[in-house]
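Subject: Handing over a structure, with notes on its sheet and helices

Dear colleague,

I am passing a structure on to you, and I would be glad if you looked through it before reading my notes. The notes come after it.

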Amino acid sequence: MKSRWLQVGEILRREKADALLVINSEESGQPATKYLSGFPGSSSVLLITKKKAFLVTDSRYAGRAEKETNGFDVVIIKPNETSNSTLKNVSERLRLKRILIDGSETFFSSVENIKKALPNIEIFSKNHILQKLRIVKDKQEIALLKKVADIACKAFLKFLPEIKIGVSEKFLAERLDTLC
């Protein structure tokens, strides 16, 4: 995780931004929140500065967020607030002036809502920032890829004898899923 934060810090310096904002809503399917924080919940906002990182989520995920994130300050949205009002409070406390988002991964409507909630902060986007972060694999990711490849190879070797004339693709697909 630390190397990922260093990469984010480098992006922030290069783009002259105070923070990177990553939004994961129920509909977004945004994998970067888990990649950067370790938190896989379906509703979260990450705000990462050069010195601190925050995960904003609702009360459904309170305990889980504390357990699954490493180095993030977890901020739970209060019942009478929204993620944007909570984000505003954190941003004002940090005196942020410029926030970077990945324009290729963030819904336009989300950006517009954030701009309304944070009228005194410049919100700007660059495309594919999050994808570029994920291109180069760290040691942990390489170890996981090796483990997955080993599991897939073993499953495929068990699976090969089941491929025969007359066996449907649907059956084979389901069978391969059970072997992995």
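What follows is an account of the sheet, and then of the helices that pack together.

Please keep in mind throughout that this is a predicted model.

I begin with the sheet, which is open and has 6 strands in the order E4-E3-E2-E1-E5-E6, with mixed pairing. Strand E4 (residues 73–76) and strand E6 stand at its edges, and each has a single partner strand, so one side of each is left without a neighbour in the sheet. From one strand to the next, the twist averages 25°.

Two of the strand pairs deserve a closer look. Strand E1 (residues 19–24) pairs with strand E2 (residues 44–49) in the antiparallel sense, over 6 bridges, and within this pair Asn24 has Ser44 of E2 as its bridge partner. Strand E5 (residues 98–102) and strand E6 (residues 122–126), by contrast, run parallel and are joined by 5 bridges, with Leu100 having Phe124 of E6 as its bridge partner. Between E5 and E6 the chain passes through helix H5 (residues 108–117), and this β-α-β crossover is right-handed.

When you look at the side chains of the sheet, it may help to remember that in a regular strand they alternate between the two faces of the sheet.

Turning to the helices, helix H4 (residues 83–94) packs on the sheet, where it touches E1, E2, strand E3 (residues 53–57), E4 and E5, and its direction makes about 10° with that of E2. Helix H4 also meets helix H5: their axes come within 9 Å and cross at roughly 50°, which makes H4 oblique to H5, and the crossing is right-handed. On the H4 side the residues that meet H5 are Asn84, Leu87 and Lys88, while on the H5 side they are Asn113, Ile114 and Ala117. Sorted by class, this contact of H4 with H5 has 3 nonpolar, 2 polar and 1 charged residues.

A further helix pair is formed by helix H7 (residues 139–159) and helix H8 (residues 169–179), whose axes come within 9 Å and cross at roughly 135°. That angle makes H7 oblique to H8, and the crossing of H7 and H8 is right-handed. Helix H7 contributes Ala155, Lys158 and Phe159 to the contact, whereas helix H8 contributes Leu172, Arg175, Leu176 and Leu179. By class, the contact of H7 with H8 has 5 nonpolar and 2 charged residues, and no polar ones.

With best regards

Definitions and conventions: Residues are numbered from 1 along each chain as its sequence is written. This is a predicted model: local features need pLDDT of at least 70, side-chain atom pairs count only at pLDDT 80 or more; totals for chains, interfaces and linings use all residues. Side-chain values use heavy atoms; hydrogens and water are left out. Axes are lines fitted to C-alpha atoms, for helices over the stretch in contact, and angles run from 0 to 180 degrees between N-to-C directions. Helices (H or I, at least four residues) and strands (E, at least two) are DSSP runs, numbered from the N terminus. Angles under 35 degrees count as roughly parallel, over 145 as roughly antiparallel, 65 to 115 as roughly perpendicular and the rest as oblique. A crossing is left-handed if the near helix is turned anticlockwise from the far one by less than a right angle, and right-handed if clockwise. Contact means heavy atoms within 4.5 Å. Ala, Val, Leu, Ile, Met, Phe, Trp, Tyr, Cys and Pro count as nonpolar, Asp, Glu, Lys and Arg as charged, and the others, Gly among them, as polar. Two strands pair if DSSP finds at least two bridges between them. A crossover is right-handed if, with the strands pointing away from the viewer, the path from the first strand over the helix to the second runs clockwise.
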